[in-house]
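Colleague: Got a minute to walk me through this one? I'd like to hear the reasoning behind each call as well as the result.

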Amino acid sequence: MGGLFVTAGFAQSNLPAPGAFTSSELLAKARDAFRQGDFVTAEAYFEAFDRDYGAEPQVADIIEQNKPLIALCKISNGKLPEAVPFIESSIAQPRLPRDILEELTFWLGIHYMQTGEHRIAQEWFGKFYTQKDFSGSKRAEALVMFGTCYVLQGYHRTASEFFEAQIPKLQSSPAGKEFAGRAIVLRLHSLLQAENFDGALRLVKDAYPHMGDISQLVSFQTLSLQLGSKLMEADRFHDAIACLQRIWTRERLLKHQKTRLTDLKLRRDVIGKDPRRQSAVFQLDGMIKRVEREVVNFENIKEFDAALRFRLAMCFQGLERYREAALIMEDMLQAMPPSPIVESASMAVIQCWMQLQRWPRALKTAEDYLQTFGDDPNNKNLPKVFFMQADALAQLQQLDDASFTYGQVVTLFPDSELKPKALFMQGFLNLQMDLNETAVAVFDRFLAEHKGHPQEQDAYYWKGMAFSFAKEYGKTQEHMKAYLAAYENAKYESEATFRIAYCTFCEANYVAAIDEFRSYLEAFGPDEPNADEAKLLLGDALLGEGLADEGIAAYKSINPASTRFFEDGWFKVGKAYKLLEEIETMRAHYEDFLEKYPASQRMPEAVYWIGWTYVAEENLDQAKAVYWETIRAHGDDPELYSISELFDGLPKVYRREGPEAIAILKREIRELQDQARADGKKTLELRAAWAESKLTRRENELLANHQMTRASELIDPEIHNPQIIADCADAALATDSLTIAEKLYTDLRKWHPNSYHKARAYAGLGYIAKAQGKNIEAIAQFEKFEKEAISSIELPDVILAKAEIQVEEGLTGNAKKALEGLLEEKAVSSQNKAKALLGLGDLLVTDKQDSKAVAYYERLYVVYGRYRDLVAKAYLRRGQALERMDQPREAFQVYRELSQREDLRDFPEALTAEKRANVLEPTLPPEAEEEIQPAKEA
Amino acid sequence: MKSLPLILLFAFAILGNGLAEDTVMMKDGNALEGEILGLNQEFVTLKIRGEIGSSTSRIAYKNVEYIEFSPLEGEDEATDLEALKAIWEEKQKYLSQPRSNAGDFGLAFAEKLLESSNKFSQERAKGIFEMVEAKDWNVENHPRAKQGRLRSMIALGSIKEAMSEARRMAEEAEDPRVLIEANYVLASAEFDQLKKLEEENPRWEVDDEVRPIRNEHFNAALDQFLFPYLFYGSEEEASARGLMAAAEVYQQAKDPTNAKLCAEDVVKLYPNTEHRKRAEELIAKLSQ
């Protein structure tokens, strides 16, 4: 026997001294230690027994009986290769107990697996599995080991098929679930290796509901991530998404696996001391080791979530679902410290928002990017991010900031390929901002620094346009000629040629312009974008030179599709006939227009000119008739907003017959209104009612407002002219019909958001809110008005109304500032400036600063004397302020001056002033001699 | 009422007449079948039927492990408002009792009520959602109840309050389902505001003042409806519901291409959800 203990190892150090015990003692000690689970001591005594008594023939049987126990000791002591001869010898014993045979057979399989003899290992695992009386869990383990051997041999397809067949069997018993989990991981690995991605995806989907049962969950999820990547690379984005969505976050995975590890260790401790459950211990140890290894490795992968999210986002990007991609990446970036993945994801997010035209979001992401990664001198993406930021700013119409940001690309990244593009954009934005001189300088720089760049020609041409926009016609011509000479088949050949002729025309050099326009039209044909403008200008130039027939022909050649130029041309032809005094031709020309283009916004102009021809022939009845005919023919068409202008034009024709004719007109309009009502022509009825009210206004404003308010009942805000809606709303407001006014203003804003009259809705809604004490709402509406109607005549009224609220809210400073702003603004009319002065004076009075207020009132009536209503108010208020300042004499003088001014006599303030002067006069002390005398002398 | 000795109770229980009955599982492992007549923290009152008649008894609640409630007649088929109302009214007293499905019916009934534009129904729905949220033993129902309560608040016009509560919920929630439901409420509110704004401003596309606000609602509704799909994609029902809602937003925006893409995602990624059929119908409609 001797020889079996080839290496003593650990056991050798515990060997009792030779002869220290009898054979029975050694055997008893060995078996006792074995029973107690002290396998090291047991092995040592078994070895001592063999050493001391192994050669004696009478112990041969005992030695045979010991072999399985020795094998088990060695296995337990981690000496599987040493155990193999004992195992092989033991399992040949016919009377070996089944449980020991089970344990040893299993270990033999493990041994061959460890030594790389996978086929032999499979034989042993196979034999093991066929023993139905062996433990179920060990048989399941053997089955997994059998399949694992296929994997180790690289037979992935076979392994996958094998596991596919076995997994359901394993899953059918509670004890087999753990093995099924391992089999699933191994199968997923094999499927990936065999590039069977469909099978792998099916497995991931099927396994997901039971994923918690998989002990190597991290491996499974990592393999799923690999699968997701493979599917993504194959452009199978939906499949990739389905796969990636089934992967847990790093935190959830770690938490799950750490809990599992604790459970496994607990179980290992419980069964570890049972010598007959060593294979189960082995299984548990294996599981613990695997899970521990997974956890340790996984803890080092800090960017697992980022990698997962990034891939998911890429899939959505692959599907051109930019919103989804951006949302995923944006969320990912919020929780992550800066890293290369975060950097490239941030870039992708900006691009996605740009693609979706969500400019504010793109801008914000670009700003965040620059804040986080902007300081890295090696960051190659910086110019691109600056460029996108500038693009977003430009889209948001923040042109100044956009230009500055393009400038940053130019300055900070002179070597970037984006620099010339940014420089060009900077020039172009300067053009948009009317900074023509700056644009020229930028384009000059471009041309100096980027010869041969694809945008060189663009820069060249737009520099010329900058001259043109600056009305530097000579420079434009010179530059455009140079441009045409510099490039053969120039990109902007047609545009530059047109521009040269245009500048010649602008310089009133009509003879040359005629030639240039003709050459242009001949060279580039009628389909060029500028051809119709060229024909119009050619007509102007020809008429300028007295070549009426040719001019008319040029106008008539304009394509009707170019509506604006075509109509301009038509009316210029009419003007030419007028100049030529061809009145009938002129009338026929406009009648032709009326017939062909009744829907044109210029239709009333044509009617006016037809009427004019009749007036010129002193045929007023015909002149009126043409208005009425057109009104009756088209007056019920709600789309023809311009019909209102015909109503506006009628009084001018009627007045030619004397002031009493207006009464006739009013009657006729009322008759039209009645007829329209009878005919159910609501639009015509509304227009007539509106026109009647306008006629009434001159005589009786209150009545006019009531008429207009009543007319508003006919309004269908969706289709009717916003001007009529606004007029009716203003009238309703003036008659304190606030509910009607509010509805009309709201409808006006709702249905005509682009109408010029929209601003009136803001003002009206502001006044209504103010009247209702809703100060915040009122200010909001007034501010919208200010933004919308900077040059409106109503602006000062609105500012004044706003100022009143501001004063009420204790914001006198703001109110004062707003009114002072009006005084400084050049574009503000002098009437509005006068109103602002009055408002400022009133503000100061409210602020108990009468001494300052008097100066503003005085300035008003000294500087803006033609606004008599305001002047009268200013006089009176100045007088009142002087009284409060205890200067009755000065107040008296102001009152007296007002009451004695002929031009102000009709204003109520004049009467008030006179009464007040009369009251004051007797109370004034006689003027002191010394005060009066020098003046008299003077 | 006098308590019967347990042994007699078992005798009655064994002689049960085979009707569907509630089962009271005792801590000692025994089970009693009968009709629960009353339930409080001290006693369970059970009517036990036998061949020789029926008996009513009180069982000390401390001896009860749990109660398995038998389904009411027509419970499995109840889908219309009246049927759900009847079941809820019968069951609501057991809402806090473990293993009772009262909360499920409460939610179903409240959801049905919320479909109505009638204020009274919406108020009632809100009350039921509140009750389920506060009292249902089944915590799984709480996120849905919370979401339902917020949706009824929105229906009743308390949009700002609902949105601010949903935002707070979304910020504080650790349970993804709460987060998902909070986002769904936010998205629904945004969508409601989008529809209202478009209705009030039919020409919003050319309205420089309204267009940016409209776009904010549009984007917020979409972003939040897509939330479960993008961040909790394995929550299949919630993801598919969000995708179908996003499809609706796209349809509102007259963007059939993206609406169809959302529906296709449901079919491809969530074929086993209740939303699949609707998604297929939408795809068919948009493909015409």
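**Where the chains meet**

Modeller: Sure. The contact draws 18 residues from chain B and 17 residues from chain A. Keep in mind that this is a predicted model.

Colleague: On the side of chain B that touches chain A, which helix gives the most?

Modeller: Three helices of chain B each supply at least two residues there: H8 (210-225), H9 (227-231) and H11 (256-269). By class, that side has 8 nonpolar, 4 polar and 6 charged residues. The top contributor, with 4 residues, is H8(B).

Colleague: Staying in chain B, are H4(B) and H5(B) roughly parallel or antiparallel to each other?

Modeller: H4 covers residues 119-135 and H5 covers residues 142-155, and their axes come within 8 Å. The crossing angle is roughly 155 degrees. Anything over 145 counts as roughly antiparallel, so the pair is roughly antiparallel.

Colleague: And which hand does the crossing of H4(B) and H5(B) have, left or right?

Modeller: On the H4(B) side, the residues that meet H5(B) include B:Gln122, B:Phe129 and B:Glu133. Facing them from H5(B) are residues including B:His142, B:Arg149 and B:Met153. By class the contact has 6 nonpolar, 4 polar and 5 charged residues. As for the hand of the crossing, it is left-handed.

Colleague: Over to chain A. How are H7(A) and H8(A) oriented to each other?

Modeller: Here H7 is residues 118-130 and H8 is residues 136-152, with axes that come within 9 Å. They cross at roughly 160 degrees, and that crossing is left-handed. With over 145 as the cut-off, H7(A) and H8(A) are therefore roughly antiparallel.

Colleague: How many nonpolar residues has the contact of H7(A) with H8(A)?

Modeller: From H7(A) the contact includes A:Ala121, A:Phe125 and A:Phe128. H8(A) brings residues including A:Leu143, A:Met145 and A:Phe146. Alongside 3 polar and 1 charged residues, the nonpolar count is 10.

Colleague: What about odd backbone angles? Is A:Asp235 buried or exposed, given its positive phi?

Modeller: Most residues other than glycine have a negative phi, but A:Asp235 has a positive one of about 60 degrees. A:Asp235 is in the loop between H12 (217-233) and H13 (237-244) of chain A. It has 11 C-beta neighbours inside 10 Å, and since 12 or fewer is the cut-off, A:Asp235 counts as exposed.

Colleague: B:Arg99 has a positive phi too, so where does its neighbour count put it?

Modeller: Phi of B:Arg99 is near 75 degrees, and the residue is in the loop between H2 (81-91) and H3 (102-114) of chain B. With 13 other C-beta atoms within 10 Å, B:Arg99 is partly exposed.

Colleague: How many of the residues of H40(A) are buried?

Modeller: H40(A) takes in residues 758-771 and reaches 20 Å from its first C-alpha to its last, close to the 20 Å expected. A:Gly773, with a positive phi near 75 degrees, follows H40(A). The helix is largely enclosed by the rest of the structure, because its buried residues number 13 of the 14.

Colleague: Last one: what separates the C-alpha atoms of A:Ile75 and A:Cys503?

Modeller: A:Ile75 lies in H4 (residues 60-76) of chain A, and it is buried, with 26 other C-beta atoms within 10 Å. A:Ile75 and A:Cys503 are 428 residues apart along the chain, and their C-alpha atoms are separated by 103 Å.

How values were computed
Residues are numbered from 1 along each chain as its sequence is written. Chains are lettered from A and ligands numbered from 1 in the order in which they are written. This is a predicted model: local features need pLDDT of at least 70, side-chain atom pairs count only at pLDDT 80 or more; totals for chains, interfaces and linings use all residues. Axes are lines fitted to C-alpha atoms, for helices over the stretch in contact, and angles run from 0 to 180 degrees between N-to-C directions. Angles under 35 degrees count as roughly parallel, over 145 as roughly antiparallel, 65 to 115 as roughly perpendicular and the rest as oblique. A crossing is left-handed if the near helix is turned anticlockwise from the far one by less than a right angle, and right-handed if clockwise. Two residues are in contact if their C-beta atoms, placed from the backbone, lie within 7 Å. Ala, Val, Leu, Ile, Met, Phe, Trp, Tyr, Cys and Pro count as nonpolar, Asp, Glu, Lys and Arg as charged, and the others, Gly among them, as polar. A residue is buried if 20 or more other C-beta atoms lie within 10 Å of its own, exposed if 12 or fewer, and partly exposed in between; C-beta atoms are placed from the backbone. The expected span of a helix is 1.5 Å times one less than its number of residues.
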